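Welcome! Have a look at the sequence and the model first, and then let us walk through a few places together.

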Amino acid sequence: AAKHAGGSTYRFYEESMSVTAEHRRLLEIDLRRALSRDEFEVHYQPQVDPKTGKVQGAEALARWRHPTRGMIPPAEFIPVAEEISLIGDIGAWILRAACVEASTWPHDITVAVNLSSVQLRDKSFPLTVLSALEASGLPASRLELEITESALMQDEALAFDTLQTLRAMGIRISMDDFGTGYSSLNYLRRFPFSKIKIDQSFIRHAPQDYECVAIIQAITTLASKLHMCVTVEGVETDEQRAFTIAEGCDQIQGYLISRPVDAASMRQFLREPSQKAA
Ligand code: C2E
Ligand code: MG
Ligand code: MG
Ligand code: MG
């Protein structure tokens, strides 16, 4: 009987494994077809001055509208795209779509696009950026590229080379999710980022949590001494917004202002930001 139970336990384990593998295999097949079937979308989340609410820019966030599974968030498909070497094509598509869209916005509004570590290590990536700018007519000064510390960590020398080239083209580089990685201060010393985005985990417990408050204050001071702007990500309450004003943060982004919205809603938001924010 023990052997039987063991056998069925094993079989159960094997079945659930193969379901996961099957799910993953289907996701890969679908992902390979998604570009040609036009299933990706770029949504936008406004970045505003916390004091005035004035829109300064928007972050482009990738979405996959799967024909049967509905909207799939980037955390689910970007890692898979990286593994099966599709991130270059998908990332180039997202970049171009974001630049084309931003070229229709008022001329003082920037667009921020997230980069994968794979794109950062691709020597031809600056050319991809150049072609997106040329195709859209968007000036380089209105494009920001967001990278995380973990993206920098893989093949640092090559990543820094790419960043220098992009900066020389007039593109601004932001350090995303700051505070969650490893040797952050060393990166800030080595590269002139335009902006530090404080990871949303820090504002989540401010202004109640002493440690979170202290960390946000310290990063804001550090950024200002390094002549970098600070964006606080994930601002959800008025109390948190008031806190970012008191601490002199330059920019906020979060559900309080707006969730990420589709391109048409972003255009509407740019016409009437106060109405949407209310
Ligand atoms: P991220 O770059 O740090 O983007 C911010 C994420 O926080 C977004 O999630 C956004 O929807 C979410 N967020 C914004 N405000 C709030 C808030 O007030 N509260 C909460 N709880 N969440 C908020 P999303 O769109 O699911 O993207 C997740 C991550 O996926 C991004 O983190 C970025 O690392 C990655 N990603 C998104 N689009 C792309 C892309 O086009 N390329 C690459 N390589 N990565 C992307
Ligand atoms: Mg980002
Ligand atoms: Mg972030
Ligand atoms: Mg993040």
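How many Å separate an oxygen atom of ligand 1 from an N or O atom in the side chain of Glu-233? The distance is 3.3 Å. Please keep in mind that this is a predicted model. The points below begin with ligand 1, go on to the metal ions, and then turn to strands and cysteines.

**Around ligand 1**

- Ligand 1 is surrounded by 23 residues. The closest of them are Arg-63, Asn-114, Asp-176, Glu-236 and Tyr-255.
- Arg-63 places a polar side-chain atom 2.8 Å from an oxygen atom of ligand 1.
- For Asn-114, an N or O atom of the side chain is 2.9 Å from an oxygen atom of the ligand.

**The magnesium ions**

- Four residues supply the protein donors of the magnesium ion that is ligand 2: Glu-59 (OE), Asn-114 (OD1), Glu-146 (OE) and Asp-176 (OD). These donors lie 2.0 to 2.2 Å from the ion.
- Along the chain, the donors of ligand 2 follow the spacing E-x54-N-x31-E-x29-D.
- Asp-176 bridges two magnesium ions, ligand 2 and ligand 3. The two ions lie 3.9 Å apart.
- Asn-114 belongs to strand 4 (residues 110–114) and Asp-176 to strand 6 (residues 172–178), so this pair of donors ties together parts that are 62 residues apart in sequence.
- Asn-114 counts as partly exposed because its relative accessibility is 29%. Asp-176, in turn, is buried, with a relative accessible area of 5%.

**Strand 7 and its partners**

- Strand 7 covers residues 195–198. Lys-195 and Lys-197 point one way from this strand, while Ile-196 and Ile-198 point the other way. All of these residues are buried, the two lysines included.
- This fits a general pattern: in a regular strand, side chains alternate between the two faces of the sheet.
- Strand 6 and strand 7 run parallel and are joined by three bridges. Here Phe-178 stands opposite Ile-198 of strand 7.
- Strand 7 also pairs with strand 8 (residues 229–233) in the parallel sense, over four bridges. In this pairing, Lys-195 is opposite Cys-229 of strand 8.

**Glu-144, a partner of Lys-195**

- Is Glu-144 buried or exposed? Glu-144 counts as buried because its relative accessibility is 4%, under the 20% cut-off.
- Glu-144 sits in strand 5 (residues 143–148).
- The side chains of Glu-144 and Lys-195 make a polar contact at 3.1 Å.
- Leaving aside residues up to four places away in sequence, Glu-144 touches Gln-47, Thr-110, Val-111, Ala-112, Val-113, Arg-172, Ser-174 and Lys-195.

**Cysteines without disulfides**

- How many disulfides does the structure hold? The number is zero.
- Cys-212 is in no disulfide, and the nearest cysteine sulfur, that of Cys-249, is 13 Å away. Cys-212 is buried, with a relative accessible area of 10%.
- Cys-229 is in no disulfide either, with the nearest cysteine sulfur, again that of Cys-249, 11 Å away. This cysteine counts as partly exposed, at 37% relative accessibility.

Technical notes
Residues numbered from 1 in each chain as written. Chains lettered and ligands numbered in written order. Predicted model: local features only at pLDDT ≥ 70, side-chain atom pairs only at ≥ 80, totals over all residues. Heavy atoms only, no water. Donors = N, O, S within 2.8 Å, 3.2 Å for Na, K, Ca; no water. Buried < 20%, exposed > 50% of the residue type's maximum accessible area, 1.4 Å probe, protein only. Disulfide = S-S within 2.5 Å. Pairing = 2+ DSSP bridges. Polar contact = N/O pair within 3.5 Å; in protein donor to acceptor, adjacent residues only side chain to side chain. Contact = heavy atoms within 4.5 Å. Near = heavy atom within 4 Å.
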